[in-house]
Amino acid sequence: MLLDVIAVALWAMLPAYVPNNAAVLAGGGRPIDGGRVLGGARLLGDGKTWRGAIVGTLVGAAVALVLNAVVVSARGFLGVELPRFPPAAIVGLPAGAILGDIAASFLKRRSGRERGASFPVLDQLDFVAGALVAVYLIAPGWAAATFTPAVIATVVVLTPLLHLATNVIGYQLGVKAEPW
Ligand code: CTP
Ligand code: MG
């Protein structure tokens with residue numbers, strides 16, 4: 001039962017987990033804020049680029065399409081009622097994750113944190129909050145059926161652990177500047 005909830009949580013969030021990691025690999029080029037400043041600090045900073053946001057969203061959507069293609073076999077193999085992503089979730093989960101990360105950078109700059117500074121809890125859950133808000137807005141029926149309170153609780157507990165693990169790996173590989 002708990003394993004079922006964990007499987008659903010990881011499956012449903014995968015299209016939201018991948019975008020920010022893809023953005024780290026793809027990032028660079030023009031910053032989204034175009035260098036604009038607000039109250040003495042950058043609006044978002046050089047760490048949020050158009051290329052990172054667009055490639056990240058596309059890679060997340062591609063992950064959702066791949067999961068849809070294998071969902072029937074995965075259900076049979078795991079014996080778990082894994083969700084299929086409707087079009088609104090294929091776009092909403094990755095776009096929401098990217099927007100959540102961008103919103104977090106906005107808050108980091110407003111609170112005087114430089115690019116790359118850590119902001120515990122926000123760093124680990126910004127993209128989860130963004131993805132959940134996005135799917136609840138654009139695919140409310142699917143979101144309510146998929147992200148039940150038990151699944152959300154599992155996501156909130158597991159995500160910081162997974163996030164930390166992938167960022168430490170990215171840092172060790174030299175593709176990420178800080179391990180958070
Ligand atoms: N990145 C990007 N575009 C995004 C998100 C991330 O180009 N929308 C790339 C940037 O090269 C960024 C790296 O991924 O430096 C790491 O992402 P993140 O840790 O989110 O950014 P930080 O540089 O730490 O900046 P911030 O303090 O604003 O989070
Ligand atoms: Mg960072």
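Biologist: Which residues of α4 are buried?

Modeller: In α4 the buried residues are D123, Q124, D126, F127, V128, G130, A131, L132, A134 and V135. Buried means under 20% relative accessible area, exposed means over 50%, and partly exposed is in between (1.4 Å probe, protein chains only). This is a predicted model, in which local features need pLDDT of at least 70 and side-chain atom pairs count only at pLDDT 80 or more, while totals for chains, interfaces and linings use all residues. Residues are numbered from 1 along each chain as its sequence is written, chains are lettered from A and ligands numbered from 1 in the order in which they are written, and side-chain values use heavy atoms, leaving out hydrogens and water.

Biologist: What makes α4 a helix, and how does its reach compare with the one expected?

Modeller: Helices are DSSP runs of H or I with at least four residues, strands are runs of E with at least two, and both are numbered from the N terminus. α4 has 17 residues. The expected span is 1.5 Å times one less than the number of residues. That gives 24 Å for α4, and its reach of 23 Å from first C-alpha to last is close to this.

Biologist: Which elements do the buried residues of α4 pack against?

Modeller: They pack against α1, α3, α5 and α6.

Biologist: What makes a set of residues a nonpolar core?

Modeller: The members are buried Ala, Val, Leu, Ile, Met, Phe, Trp, Tyr and Cys residues, joined through side-chain atoms within 4.5 Å. The largest such core here has 32 residues, of which M13, F85, L93, W142 and F147 touch the most other members. Two or more residues each come from α1 (2-26), α2 (50-78), α3 (87-110), α4 (122-138), α5 (140-146) and α6 (149-172). The element giving the most is α1, with eight residues.

Biologist: Which residues is F147 in contact with, beyond its neighbours within four places in sequence?

Modeller: Contact means heavy atoms within 4.5 Å. On that footing F147 is in contact with A12, M13, L93, L132, V135, Y136, W142 and I152. There is also a second, separate core of five residues, among them L44, A53, I98 and I102.

Biologist: Why is N167 called buried, rather than exposed?

Modeller: Its relative accessible area is 3%, so N167 counts as buried, which requires under 20%. N167 is found in helix α6. With neighbours within four places set aside, N167 is in contact with N21, K176, E178, P179 and W180.

Biologist: How do you know that N167 makes a polar contact with W180?

Modeller: A polar contact is a pair of N or O atoms within 3.5 Å; within protein, one must be able to donate a hydrogen and the other to accept it, and residues adjacent in sequence count only if both atoms are side-chain atoms. A polar atom of the N167 side chain lies 3.5 Å from the backbone oxygen of W180, so the pair meets the limit.

Biologist: What surrounds ligand 1?

Modeller: There are 18 surrounding residues, and the closest are K48, T49, S105, R115 and G116. To be near a molecule or strand, a residue needs a heavy atom within 4 Å of it. Oxygen atoms of ligand 1 lie 2.6 Å from an N or O atom in the side chain of K48, 2.6 Å from a polar side-chain atom of S105 and 2.7 Å from an N or O atom in the side chain of R115. Taken alone, ligand 1 exposes 570 Å², and the protein buries 89% of that. Accessible areas come from the Shrake-Rupley method with a 1.4 Å probe; for residues, only the protein chains shown count as cover.

Biologist: Is S105 buried or exposed?

Modeller: S105 has 4% relative accessibility, so it counts as buried. This residue is found in helix α3, and S105 touches L44 and K48, not counting residues up to four places away in sequence.

Biologist: Why is R113 called partly exposed?

Modeller: At 27% relative accessibility, R113 falls between the cut-offs for buried and exposed. R113 lies in the loop between α3 and α4. The side chain of R113 reaches the backbone oxygen of S118 at 3.5 Å.

Biologist: What makes V121 stand out?

Modeller: V121 has a positive phi of about 75° although it is not a glycine. V121 lies in the loop between α3 and α4. Its relative accessibility is 55%, so V121 counts as exposed.
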